[in-house]
Amino acid sequence: MTDFKIAVLPGDGIGPEITQAALDVCRAAAGKFNFAIHTESALAAASAVDRGLEPLPEATFKLCQKSDAILCGPFGDPRWDNAPPAKRPERAKLVLRKEFDLFANLRPIKPVPALLNASPLKRELIEGVDILVVRELAGGIYFGEPKGYAEDAKGRYGFNTMVYHAWEVERVGKAAFEAAKLRRKKVLSADKANALEVMQLWKETMQALHDRDYKDIELKHMYVDNCAMQLVANPKQFDVLVAGNLFGDILSDIGAQLTGSLGMLPSASLGNGTPLFEPVHGSAPDLVGTGKANPLAMILSAALMFTHAAKRPDIGNAIDEAVAKALGKGLRTPDIAAKGEKAVSTREMGEAVVAALLA
Ligand code: IPM
Ligand code: MN
């Protein structure tokens, strides 16, 4: 068998530090399970722009194209906060999602028992929460045309278009229903059908898909504003939560708080090209070089990579368990440490996961 090829894009801010920790875990896991991996790093986002390159240089795109998976750090740099969208580091991520047609973004939200006290929400509210957010990732308002800037009699304006074809809703809906089959057989579709035509179509298409192919799965619809509230009021009601690109982006950040910290949430983006695995959090420029970054979302993203891209759920599960063990031993990065609790560094947390994996 040929090596499993991983394109590594460490990205911006804390990206390189957490990527290092994740790669150490990948190599330890690969060694333990005798599974050959080959990793190659490439420039993307601000680290590319700083060298006078595009946010996603051609060479990086080609590497991703010929790889079996992309392991991707956070993209984003405040120095470009006022740049137009096409020039921003984040652009690289959107290009990858579009080019590889990565329409199904899976964001599992499951609090680790050792961290139940780290969430700002009450323990009894989040204990037992197990949600899979399925976010549409290759369409909607992120990519809809027309978009841009213009000027009229009232002055300058900017505009984007939220558009979904029925086939786009169907394919992400199918991903959600299929995932639900292996879980508690419940899908909640978040929309804004009470205000937007595009969301009326979203809702109708989800219902028709359900009635045609997934009658054995429970389907409910909820307006996205109510859904945001329900996520903090009663998160245990959710199993699979499917939403469009923008709503899914927002709902998954809310969901992240159920786990204690955004630093814990991994994601898998699947579609019709090289699958991509990345943490949900951003590049946290204020933490660069402090050793305070939490590498666990990145490590858990690598676990998803083994499960979904390498089809080795045994390796993915072993990494998940190693993370739970390290947390069970009391190791905490500052973002998940309780008041007065001693925190470890990014590197120490990574080393503890490796140690738990090899124990
Ligand atoms: C995410 C991020 C991105 C998004 C940004 C960096 C463009 O917030 O992956 O959730 O909005 O999709
Ligand atoms: Mn986001």
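This section describes the ligand site, the internal cavity and two backbone features of a predicted model. Local features were taken only at pLDDT of at least 70 and side-chain atom pairs only at pLDDT 80 or more, while totals for chains, interfaces and linings use all residues. Residues are numbered from 1 along each chain as its sequence is written, chains are lettered from A and ligands numbered from 1 in the order in which they are written, and side-chain values use heavy atoms, with hydrogens and water left out.

Ligand 1 is surrounded by Glu90, Arg97, Arg107, Arg135, Tyr142 and Asp249, each having a heavy atom within 4 Å of the ligand. Five residues of this shell are charged, one is nonpolar and none is polar; here Ala, Val, Leu, Ile, Met, Phe, Trp, Tyr, Cys and Pro count as nonpolar, Asp, Glu, Lys and Arg as charged, and the others, Gly among them, as polar. Polar contacts, defined as pairs of N or O atoms within 3.5 Å, include one from the side chain of Arg97 to a ligand oxygen at 2.7 Å. The side chain of Asp249 places an N or O atom 2.9 Å from an oxygen of ligand 1, and for Arg107 the corresponding distance is 3.0 Å. On its own, ligand 1 has 320 Å² of accessible area, of which the protein covers 77% (Shrake-Rupley method, 1.4 Å probe).

Ligand 1 occupies the second largest pocket, with occupancy requiring more than half of its atoms to lie within 2 Å of the grid points. On a 1 Å grid over the protein atoms alone, a pocket is an open set of points with protein on both sides within 12 Å along at least five of seven lines, whereas a cavity is a set where a 1.4 Å probe fits but cannot get out; lining residues have an atom within 4 Å of a point.

One cavity of 30 Å³ or more was found in the whole structure. The largest cavity holds about 40 Å³ of space, a volume being the space filled by probe spheres set on grid points joined across faces, edges and corners. Its lining consists of Gly140, Ile141, Met162, Tyr164, Met199, Gly244, Asn245, Leu246 and Phe247, of which six are nonpolar, three polar and none charged. Helix α9 (residues 245–258) contributes the most to this lining, with three residues; helices (H or I, at least four residues) and strands (E, at least two) are DSSP runs numbered from the N terminus.

Two loops carry backbone features. The peptide bond from Glu145 to Pro146 is cis, with omega near 0°, and Pro146 falls between β5 (131–136) and β6 (148–152). Ala284, although not a glycine, has a positive phi of about 40° and lies in the loop between β12 (276–279) and α10 (296–308).

How values were computed. Polar contact = N/O pair within 3.5 Å; in protein donor to acceptor, adjacent residues only side chain to side chain.
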